[in-house]
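Student: Please choose one part of this model and go through it closely, in a connected account. I would like to see how that part sits within the chain as a whole.

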Amino acid sequence: MSIQNLEQKRLIFAQKQATRKEKNSTNYDSLIKKIPAYIQTNGLLYTLAFLDSKRKVDEKGVKNDAELVFQDIWEWHCKTSENDHKMMPNVTIPKFMEELFKKSDSEIRFLTLETLSLFKCLKRFVKEEKED
């Protein structure tokens, strides 16, 4: 698989995720822009633990911004068929963190770089959505 092909798949996924954001989502754009800094400062696992602690869905089924961002990361690493680099098994969201803690340092580094690349793409589309 070529790098260009993976980048194209990542861009398609990011565009789909950025355009599907919830109507009640007020801070999604801001959180997408902050996550790469959180990852670089604290690491991928601590950032995901932070997002996991902030996730919630209200009684109407509306997801908060942390839930949306966490779900974006989970879908890219576990669920999407576009993702040919899969190092994560197709697990549910509750099992996602458990599987991450089983990974070696080199696998975590790879997943971190892949997540940062995903957020680079997401930031492009979120910025465009904001301008429109």
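**A close look at the contact of α2 with α3**

Tutor: Read from one end of the sequence to the other, the chain follows the pattern α-α-α-α-α-α, and its secondary structure accordingly comes to 6 helices and 0 strands. Please keep in mind throughout that this is a predicted model. Of the 132 residues in the chain, 42% are buried, while the chain as a whole exposes about 7,700 Å², with carbon and sulfur atoms supplying 50% of that area. Among the contacts with a sequence separation of 6 or more, 60% are between residues 24 or more positions apart.

The part to examine is the meeting of helix α2, which spans residues 28–42, with helix α3, which spans residues 44–54. Their axes come within 7 Å and cross at roughly 135°. Angles over 145 degrees would count as roughly antiparallel and those from 65 to 115 as roughly perpendicular, and because the crossing falls in neither range, α2 is oblique to α3. From α2 the contact draws on L31, I35, Y38, I39 and N42, and from α3 it draws on L44, Y46, T47, F50 and L51. By residue type, this set divides into 8 nonpolar and 2 polar residues, with no charged residue.

Within that set, T47 deserves particular attention. This residue belongs to helix α3, and, with residues up to four places away in sequence left out of the count, T47 touches I35, Y38, I39 and N42, each of which is also listed on the α2 side of the contact. The relative accessible area of T47 is 3%, which is under 20%, and therefore T47 is classed as buried.

F50, found in helix α3 as well, has another setting. Its relative accessible area is 35%, and because this lies between the limits of 20% and 50%, F50 is partly exposed. The C-alpha atoms of F50 and F70 are 9.7 Å apart in space, although 20 residues separate the two in sequence.

From here the account can be widened to the interior. The largest nonpolar core has 35 residues, and those with the most contacts inside it are L48, L51, V69, F96 and L100. The elements that give two or more residues to this core are α1 (3–19), α2, α3, α4 (65–79), α5 (93–101) and α6 (105–131), with α6 giving the most, at 9 residues. L51 thus appears both in the contact of α2 with α3 and among the core residues with the most contacts.

F96 offers a useful view of that core. Leaving aside neighbours within four places in sequence, F96 is in contact with L48, F70, I73, W74, H77, C78, M88 and V91. One of these partners, C78, lies in helix α4 and, at 0% relative accessibility, counts as buried. The C-alpha atoms of C78 and P89 are separated by 5.9 Å, with their positions 11 residues apart along the chain. M88, another partner of F96, has its C-alpha atom 9.6 Å from that of E107, which is 19 residues away along the chain. E107 itself lies in helix α6 and counts as partly exposed, at 26% relative accessibility.

A last pair concerns the two ends of the helix order. T19, placed in helix α1, is 103 residues from L122 in sequence, yet the C-alpha atoms of T19 and L122 are 10.0 Å apart in space. With a relative accessibility of 46%, T19 counts as partly exposed.

To return to the chosen part: α2 and α3 cross obliquely, T47 is buried there whereas F50 is partly exposed, and both helices give two or more residues to the largest nonpolar core.

How values were computed: Residues numbered from 1 in each chain as written. Predicted model: local features only at pLDDT ≥ 70, side-chain atom pairs only at ≥ 80, totals over all residues. Heavy atoms only, no water. Axes fitted to C-alpha atoms, helices over the stretch in contact; angles between N-to-C directions. Helix = DSSP H or I, 4+ residues; strand = E, 2+ residues; numbered from the N terminus. Parallel < 35°, antiparallel > 145°, perpendicular 65-115°, else oblique. Contact = heavy atoms within 4.5 Å. Nonpolar A, V, L, I, M, F, W, Y, C, P; charged D, E, K, R; others polar. Buried < 20%, exposed > 50% of the residue type's maximum accessible area, 1.4 Å probe, protein only. Areas by Shrake-Rupley, 256 points an atom, 1.4 Å probe, with all protein chains shown as cover. Core = buried A, V, L, I, M, F, W, Y, C linked by side-chain atoms within 4.5 Å.
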